[in-house]
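I am keeping these entries to record what I looked up in the structure and what I found each time. I begin with open space and then turn to the strands, the core and the charged pairs.

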Amino acid sequence: MNDELKELYELASRALSCQAEFGHRELILEKSTLTHLSSIENAQPGETMVKTSSSIPKNDSKENLPVNETASKPIPDYGKIPPMETTTDLLTQSEDVSAPKYSDLESHREAICDCSKCPLGQTRTKFVYGVGNPRAKIMFIGEAPGRDEDMQGEPFVGRAGKLLDKIIAAIGFAREDVYIANILKCRPPNNRDPQPDEMNLCMPYLKEQIRLIKPQFICALGRIAVQGLLDTTAPLGSLRRKWHRFEGIPFLATYHPAALLRFAKYKRDTWEDMQVLMKEYERINNDDQ
């Protein structure tokens, strides 16, 4: 086995492991992918492979940020995706989105990390601002920190967070490539649902984060986060499978990783949501090239 084939084997093995952890029991490959794999298998030692450029996620921040290895590696084949509208219409719609008030995320975090606007400021252990690439093209948003996040001051670090890491890996990114935040920055007692007044007080913080990061896409995780962003009480099932907009950014709704830990049957639906997200990500970014 030559080095290139060995590298491909290792990448494919890792990608399939992620999808297996994510609940997949089958892998559907397009004909073009099979042809490409066949050409690699038959390549002579030292012969240069032709790589598919369309499946390489890129950051536009190479000059200022560490280059993550994952960003230069092929992402898995997404297989068949249920038909769904694209974000073209959303991207061409104008919306009056104000400019950020702060120069960067760190200055914003420092300005709000001692917040005591609601009682959660008195019971938190650590303020949980957000984590990831400040120039991420994809931003994941949950509802609120849990116990582990409250202890560590970082969103999605418990069991649900580890599953989110696998979801992110399964679509070809690392945690450091995307940005992860919650609507609430402080843990509600006993992990209860965030209250509407708490989300209203914290929402300006999230909006400023979005204005500073300027992601291409938002993925909202779970019913409460989706309902909070859309200011609706509609069930999550009716809000999936369609694109929405928040602060001028197209966003997609899917299940919270914690729900996937309790109800494995939602994993396939979530994977289909991720397929839609990545197909649209590639469509937009390939058009930009």
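**Entry 1: the second largest pocket**

I looked up the second largest pocket and noted that about 710 Å³ of space lies in it. I should say at once that the model is predicted, and I keep that in mind for every entry. When I asked how many residues line this pocket, I found 29, and those nearest its centre are Glu143, Ala160, His256, Ala258 and Arg262. I then listed the elements that give two or more residues to this lining, and they are α6, α7, α9 (223–230) and α11 (257–262). The largest share of the lining comes from α11, which supplies 4 residues.

**Entry 2: the cavity**

Next I turned to closed space. Rolling a probe the size of a water molecule over the atoms shows where empty space is left. I searched the whole structure for cavities of 30 Å³ or more and found 1. The largest cavity holds about 90 Å³ of space. Which residues line the largest cavity? I wrote down Cys115, Lys117, Cys118, Leu120, Gly121, Arg124, Phe127, Lys185, Cys186, Leu201, Cys202 and Tyr205. Two helices, α5 (120–123) and α8, each supply at least two residues of this lining, and the largest share, 3 residues, comes from α8.

**Entry 3: strand β2 and its partners**

I then followed strand β2, which spans residues 138–142, and asked whether its residues are buried or exposed. I found that 5 of its 5 residues are buried, and that the strand is mostly covered. Checking the two faces separately, I saw Ile138, Phe140 and Gly142 buried on one side, while Met139 and Ile141 are buried on the other.

Which strands are joined to β2 by bridges? One is β4 (residues 217–221), which runs parallel to β2 and is joined to it by 4 bridges; within this pairing, Met139 stands opposite Ile218. Another is β3 (residues 179–182), also parallel to β2 and also joined to it by 4 bridges, and there I noted that Gly142 has Asn182 as its bridge partner.

**Entry 4: the nonpolar core**

In soluble globular proteins, nonpolar side chains tend to be buried together. I therefore looked for the largest nonpolar core, thinking of that tendency. This core has 63 residues, and those with the most contacts inside it are Met139, Phe140, Leu206 and Leu229. Helix α8 gives the most to this core, with 8 residues. I had already met Met139 and Phe140 as buried residues on the two sides of β2.

I picked out Leu206 for a closer look and, leaving aside residues up to four places away in sequence, found that Leu206 touches Met139, Ile141, Ala181, Asn182, Ile183, Lys185, Leu229 and Phe246.

**Entry 5: salt bridges**

Side chains of opposite charge can pair when their charged atoms come close. My search of the whole structure found 10 salt bridges, and I followed several of them.

In the pair of Arg109 and Glu106, the closest N and O atoms are 3.0 Å apart. The two residues are 3 apart in helix α4 (residues 105–112), which means that they are separated by about one helical turn. Arg109 is partly exposed at 29% relative accessible area, and Glu106 is partly exposed at 39%.

In the pair of Arg175 and Glu154, the closest N and O atoms are 3.1 Å apart. This pair links distant parts of the chain, 21 residues apart, with Arg175 in the loop between α7 (159–170) and β3 and Glu154 in the loop between α6 (147–152) and α7. Arg175 is buried at 14% relative accessible area, whereas Glu154 is partly exposed at 28%. I also noted that Glu154, Asp165 and Arg175 are linked in a network of salt bridges.

Arg211 and Glu247 meet through their side chains in a salt bridge of 3.3 Å, N to O. Because Arg211 lies in helix α8 (residues 196–213) and Glu247 in the loop between β5 (244–246) and β6 (249–254), the pair ties together parts that are 36 residues apart in sequence. Are these two residues buried or exposed? Arg211 counts as buried at 13% relative accessibility, and Glu247 counts as buried at 17%.

Terms used. Residues are numbered from 1 along each chain as its sequence is written. This is a predicted model: local features need pLDDT of at least 70, side-chain atom pairs count only at pLDDT 80 or more; totals for chains, interfaces and linings use all residues. Side-chain values use heavy atoms; hydrogens and water are left out. Buried means under 20% relative accessible area, exposed over 50%, partly exposed in between (1.4 Å probe, protein chains only). Two strands pair if DSSP finds at least two bridges between them. A salt bridge is a side-chain nitrogen of Lys or Arg within 4 Å of a carboxyl oxygen of Asp or Glu. A nonpolar core is a set of buried Ala, Val, Leu, Ile, Met, Phe, Trp, Tyr and Cys residues joined through side-chain atoms within 4.5 Å. Contact means heavy atoms within 4.5 Å. On a 1 Å grid over the protein atoms alone, a cavity is a set of points where a 1.4 Å probe fits but cannot get out, and a pocket is an open set with protein on both sides within 12 Å along at least five of seven lines; lining residues have an atom within 4 Å of a point. Grid points are joined across faces, edges and corners, and a volume is the space filled by probe spheres set on the points.
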